[in-house]
Amino acid sequence: MLLLPLGSGTKELIRLPQYRNRMYRIIVILLLLIILFYMVRRAIRDWNKPEETQGLLAKDAMIQDPVCKVYITADSAITRTVEDRTYYFCSQDCANSFLQNHPS
Ligand SMILES: [Zn+2]
């Protein structure tokens, strides 16, 4: 007579932590998904940034030297930034003479 309620009582005691474990697992998985979502979103944002700047100026695009009017490629050019604008020069001499005429 006493064994029956005791038996059902222990069954509930066993079932309760299992239920809690499942709840914790769901919360942990949800948290991991949220963290993953933010990481992926940030990664996509960082990944898009260099592409945008590359789109502005392709590496093999021809740019005119403002001093000697010679055309040069962006990756071989000497760059100088004056008042937030980037200028491209064929040589150090052209860059120096440009900076002398345009003191920042
Ligand atoms: Zn030049």
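The chain holds two helices and four strands, and the model from which these elements are read is a predicted one.

**Exercise 1. Work out in which order the elements of the chain follow one another from the N terminus on.**

Solution. The elements to be placed are two helices and four strands. Read from the N terminus, they run α-β-β-β-β-α. As a further note on the chain, residues 24 or more positions apart account for 17% of the contacts that have a separation of 6 or more.

**Exercise 2. Describe how β3 and β4 pair, and state whether β3 is buried or lies largely in the open.**

Solution. Begin with the pairing: β3 (78-82) and β4 (85-89) run in the antiparallel sense and are joined over five bridges. One of the residue pairs is I78 with F89, the latter being its bridge partner in β4. Turn next to burial, where a residue needs 20 or more other C-beta atoms within 10 Å of its own to count as buried. Of the five residues of β3, the number that count as buried is zero, and therefore the strand lies largely in the open.

**Exercise 3. For K69 and E83, give the sign of phi and say whether each residue is buried or exposed.**

Solution. Most residues other than glycine have a negative phi. K69, in the loop between β1 (62-64) and β2 (71-73), has a phi near 65°, which is positive although the residue is not glycine. Because K69 has 9 C-beta neighbours inside 10 Å, it counts as exposed, the cut-off being 12 or fewer. E83 belongs to the hairpin of β3 and β4, which has two residues between the strands, and there E83 takes a positive phi near 50°. With 6 other C-beta atoms within 10 Å, E83 is exposed.

**Exercise 4. Identify the residues of the largest nonpolar core and the elements that give two or more residues to it.**

Solution. Start from the chain as a whole, in which 5% of the 104 residues count as buried. The largest nonpolar core has five residues in all, namely A77, Y88, F89, C94 and A95. The elements that give two or more residues to this core are β4 and α2 (92-101). In soluble globular proteins, nonpolar side chains tend to be buried together. Finally, follow F89 outward: leaving aside residues up to four places away in sequence, F89 touches D65, V67, A77, I78, R80, C94, A95 and F98. Among these contacts, A77, C94 and A95 are also listed in the core, while I78 is the bridge partner already met in Exercise 2.

Conventions: Residues numbered from 1 in each chain as written. Predicted model: local features only at pLDDT ≥ 70, side-chain atom pairs only at ≥ 80, totals over all residues. Pairing = 2+ DSSP bridges. Contact = placed C-beta atoms within 7 Å. Core = buried A, V, L, I, M, F, W, Y, C linked by C-beta atoms within 7 Å.
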